[in-house]
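Colleague: I'm new to this one and would like to know what sits behind the labels people put on it. Could you bring it up and take my questions?

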Amino acid sequence: MPIVIEKLTHTYQNGSVNAFTALKDISLTISDGEFVGLIGHTGSGKSTLIQMLNGLMQPTEGRVTVDGFDMNDKKQRAKGRALVGMVFQYPDHQLFDETVYKDISFGPKNMKLNEEEIDKRVREAMRLVGLDFDEFAEKSPFELSGGEKRRTALAGIIAMYPKYLVLDEPMAGLDPAGRRAVLEMIDDFRRQLGCAVIMVSHSMDDIARSAEKVVVLRKGEIFRCGTPQEIFSLSDELREMGLEPPFAARMAGELRRRGMDLPKDIYTNEALVKALAEIKGGAHV
Amino acid sequence: MFKDITLGQYFPVDSPVHRLDPRTKIILLIMYIVMVFIVKDLWVFALVIGFMLFMTAMSRVPLSYVIKAIKPMKWLLPIMFLLNLFMVRTGTELFSWKFITITTGGVRQALFIVLRLVALVSGASLLTLTTTPVSLTEGLERLLSPLKIVRFPVHELAMMMTIALRFIPTLLEEADKIMKAQLARGADLENGNIFKRAKAMLPILIPLFVNSFRRADELALAMESRCYHGGEGRTRLRVLKFSRGDLAALLIMAAMLTAVILLQRFLPFDHQIAAFVKGLLGVGK
């Protein structure tokens, strides 16, 4: 069963002079196992939208149902929330316990799992995020490096085996190697746990790599929703919104402008290289 | 959920009261408080309240804002009134039934307690409504500066106040984020007895404290890198200036205070109040 978002509208400080509508009439379905990339300018409503997905905020109008659980209903919300794992941007907002092990087990404990199951899940989650159990399990989360903290925070959510994994800019503030590592990790979880991933990012390159569906938000409304091919062929519109299309799409666009005959649906480096190799090969033969 | 709390309720308009030197306003408030406490006569008190309303009108702050400041006392005021009404037994007896006795002294005392509290709180709130927190601490620092002779750290105290005020909204916002991060991990903050709930607050308080310490560290570094080394020899961007308006305001207040003292000394209306109350209750004729 999917996450169904129906006609979601949210206004902050509704009724006051400072009223601000962050989301307008959003309808969207996220299917099982799907990888959805959510992009938009700062203030486009991305954060508000993902907080609605597991009932951390309630919309002024419309509703979200997670596998049939109505997130507007207080009793059903807890059940729906257990299915949606949410990783916030800053690990500093969630790490609190004495050791990495205890911190990761916080979520599973809240799910009232038994000791054995918790232990199994913590080890599994640490393995998935690439934290060596013997080295890190007994360390304090506060003495970790930035990248290690993020892995720990991620493991804390993974250990809950969410059916939907929501990630708010999981790569913010990481170096290129760290970004790649996190992206690979996310692909790993998906393969091993079969969860759906909803990832918010500024970086189109990161989204182009693995998303199956891309949603572009603009001023609280869905500007476009479609496959990466459909979205990234709209380079000019994206750029007008202040978003940078993926490198490969920009490169291909520039080459097309200079008279090179390249297909319009190139948005990953691999596809660009392949297309260029074909042209070059053709020219020489 | 914390975002709706507004603190430092400065009301930004331009008015003669807003333009007064913060030092003047603090002194005015002190004189006003003295005045409220020495008034022993209902008619003179009407004069004080009238003066208060006049100041509010001058400040161009809507009266509803001042009244809002009294609202939190909506339980305290009736309790104080009733306690004084029944407990104070001076003057002539107005009413007696079983263990309840109401006396003229009680009515007087009860009325005065309520009026005093209202006058004090509305006066103090007028100060915070017309003065920004920054200029308020600045005024306080200058007023307390004579204490530097006895090595009292006046500047440090004022700087701490300014920083504390500055970071209240930041802390509230962060508490909100941490709370959401832990709720997403299945933290249960609402159920259970008081001990359970206190324990459930730990995952929120620990990151909040850790981040505050880190932030304090960073702030100290940022201040030092801009050559902050305490109050010694520090100049100001806006130098407080004692203007003609300040002098006028202080003179008016001094005149008020003198008038109140003289009126009380030479025109004792006390018996009239007793008669008024008796007439009101329709007894003791």
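Colleague: How do the residues lining the largest cavity divide into nonpolar, polar and charged?

Modeller: There are 11 nonpolar, two polar and one charged. Ala, Val, Leu, Ile, Met, Phe, Trp, Tyr, Cys and Pro count as nonpolar, Asp, Glu, Lys and Arg as charged, and the others, Gly among them, as polar. By that rule Leu28(B), Leu29(B), Met55(B) and Leu126(B), which are among those nearest the centre, are nonpolar, and Gly123(B) is polar. Bear in mind that this is a predicted model, where local features need pLDDT of at least 70 and side-chain atom pairs count only at 80 or more, while totals for chains, interfaces and linings use all residues. Side-chain values use heavy atoms, without hydrogens or water, residues are numbered from 1 along each chain as its sequence is written, and chains are lettered from A and ligands numbered from 1 in the order written.

Colleague: What makes a space a cavity, and what makes it a pocket?

Modeller: On a 1 Å grid over the protein atoms alone, a cavity is a set of points where a 1.4 Å probe fits but cannot get out; a pocket is an open set with protein on both sides within 12 Å along at least five of seven lines, and lining residues have an atom within 4 Å of a point. Three cavities of 30 Å³ or more come out of this, the largest holding about 170 Å³. The second largest pocket has about 720 Å³. Among its 26 lining residues, His155(B), Met159(B), Thr162(B), Tyr228(B) and Arg234(B) are the closest to its centre.

Colleague: Which helix gives the most to the lining of that second largest pocket?

Modeller: That's α8(B), with seven residues. A helix here is a DSSP run (H or I, at least four residues; strands are E, at least two), numbered from the N terminus.

Colleague: Why is Cys225(A) not in a disulfide?

Modeller: A disulfide is a pair of cysteine sulfur atoms within 2.5 Å. The closest cysteine sulfur to that of Cys225(A), in Cys195(A), is 20 Å away, so it is too far for a bond. The whole structure has zero disulfides.

Colleague: And why is Cys225(A) called partly exposed?

Modeller: Buried means under 20% relative accessible area, exposed over 50%, partly exposed in between (1.4 Å probe, protein chains only). Cys225(A) has 38%, so it falls in between. Cys227(B), at 59%, is exposed.

Colleague: What is the phi of Arg151(B)?

Modeller: Near 65 degrees, a positive value in a residue other than glycine. Most residues other than glycine have a negative phi. Arg151(B) lies in the loop between α7 and α8 of chain B, and at 77% relative accessibility it counts as exposed.

Methods
Points joined across faces, edges and corners; volume = space filled by probe spheres on them.
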